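Below are some notes for a colleague who is opening this model without having seen it before. They are meant to be read beside the structure, one point at a time.

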Amino acid sequence: MDFGDTQAIKKHVRVYVTVFITLLALTLITVAISRLHLNVPLAIAVALFIAAVKGSLVASYFMHLISEKKVIYAALILTVVFFAALMSLPLFHHSNPIIEHNVP
Amino acid sequence: MDIPYTVTPHPETGVFNAKAGIWLFLASEVMLFGALFTTYILLRIGAPEWPHGELDVALATVNTAVLITSSITMVMAWASLMMKSFGKFRLYLGLTILLGFGFLIIKYFEYSHHIRMGDLPGKNTFFAIYFTLTGLHGLHVIGGMIVNSYMWGPGSKMWKTEPARFTNRIEVAGLYWHFVDLVWIFLFPVLYLL
């Protein structure tokens with residue numbers, strides 16, 4: 001998309017509006033599902049799944065990640081790897097009997 | 001000394017330097033909030049019980065809508081510059097700043113209520129992590145509003161002399177603002193609904 005290319009940008013604007021309406025709808029759906037009082041694992045899975053969809057829409061379209069250069073993807077893949085490692089730390093803690101035994 | 005590659009892409013990266021810089025910064029931000037989310041999971045797993053219904057879901061839902069709306073006004077501010085419409089740019093960026101204020105005002109009412117009720121970080125683990133996560137996010141909102149206000153006001157003079165460079169600046173400011181929205185998209189269900 002070039003600076004001053006009005007026609008190309010107008011097409012993008014239509015996409016932005018569609019994404020915006022989808023994000024608002026997904027927010028209401030998240031709240032509605034939370035009122036169904038599902039069991040905790042299912043409620044967590046559904047809420048995080050919808051949040052992940054919303055986050056992907058923001059990143060892909062508002063942040064233009066859907067058409068970005070390779071260097072940006074490379075930096076983000078590295079970030080995702082470290083983020084996943086960080087998120088897996090509670091699993092290691094939970095399965096470590098030495099830590100559990102030493103907790104007063 | 002001129003800063004290189006503010007408009008044209010760097011031959012090595014294929015993007016202008018500020019864009020490469022903001023993405024690296026956002027990567028570090030992912031790790032910052034990631035560490036706090038991991039802390040939240042650890043605390044919640046280790047807690048014998050976890051409070052429910054302590055927070056105002058209706059206010060937080062409105063705040064989510066406010067931030068999502070501010071994201072589209074931000075991207076529209078950039079799109080307006082790409083279409084060389086400076087007047088619309090100022091309108092959309094002004095709206096983004098006002099929506100940021102709106103978010104903080106609603107958060108102020110939430111915080112005031114908790115303080116009145118004695119729901120402070122020292123009360124329990126839940127309120128400790130709630131104030132840490134939302135407080136850090138709120139500081140990011142304030143940071144974004146300061147940058148956006150500069151771009152709306154004195155910083156916008158650059159449009160007259162270097163329009164393409166100014167447009168790139170707004171894209172970079174927008175990337176940060178969308179990231180702040182993205183963080184809230186995860187904070188909302190984790191803190192208010194689960």
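1. In this predicted model, a good place to begin is chain B, where ring pairs join B:Tyr40, B:Trp50, B:Phe103, B:Tyr111, B:Phe126, B:Phe127, B:Tyr130, B:Phe131, B:Trp184, B:Phe188 and B:Tyr192 into a cluster. Over all chains, a search of the whole structure finds 21 aromatic pairs.

2. One pair deserves a closer look: the ring centres of B:Tyr130 and B:Tyr192 lie 6.3 Å apart with their planes at 80°, so the pair is edge-to-face. This pair links distant parts of the chain, since B:Tyr130 sits in helix α4 (residues 125-152) of chain B and B:Tyr192 in helix α6 of chain B, 62 residues apart. B:Tyr130 counts as buried because its relative accessibility is 0%, and B:Tyr192, at 7%, counts as buried too.

3. Helix α6 of chain B also matters for the cavity, as α6(B) gives the largest share of the lining of the largest cavity, 5 residues. The structure holds 1 cavity of 30 Å³ or more, and the largest cavity contains about 50 Å³ of space. Its lining includes A:Phe62 and A:His64 from chain A, together with B:Trp78 and B:His178 among others, and divides into 6 nonpolar, 3 polar and 1 charged residues.

4. In chain A, helix α1 (residues 6-34) has 29 residues and spans 42 Å from its first C-alpha to its last, close to the 42 Å expected at 1.5 Å a residue. Its buried residues include A:Ile9, A:Val13, A:Tyr16 and A:Phe20, and what covers the buried residues of α1(A) includes α2 (40-62) of chain A together with α2 and α6 of chain B.

Notes. Residues numbered from 1 in each chain as written. Chains lettered and ligands numbered in written order. Predicted model: local features only at pLDDT ≥ 70, side-chain atom pairs only at ≥ 80, totals over all residues. Heavy atoms only, no water. 1 Å grid on protein atoms, 1.4 Å probe; cavity = no way out; pocket = protein on both sides within 12 Å on 5 of 7 lines; lining within 4 Å. Points joined across faces, edges and corners; volume = space filled by probe spheres on them. Helix = DSSP H or I, 4+ residues; strand = E, 2+ residues; numbered from the N terminus. Nonpolar A, V, L, I, M, F, W, Y, C, P; charged D, E, K, R; others polar. Expected span 1.5 Å × (residues − 1). Buried < 20%, exposed > 50% of the residue type's maximum accessible area, 1.4 Å probe, protein only. Contact = heavy atoms within 4.5 Å. Phe/Tyr/Trp six-rings, centres within 6.5 Å; stacked < 30°, edge-to-face > 60°.
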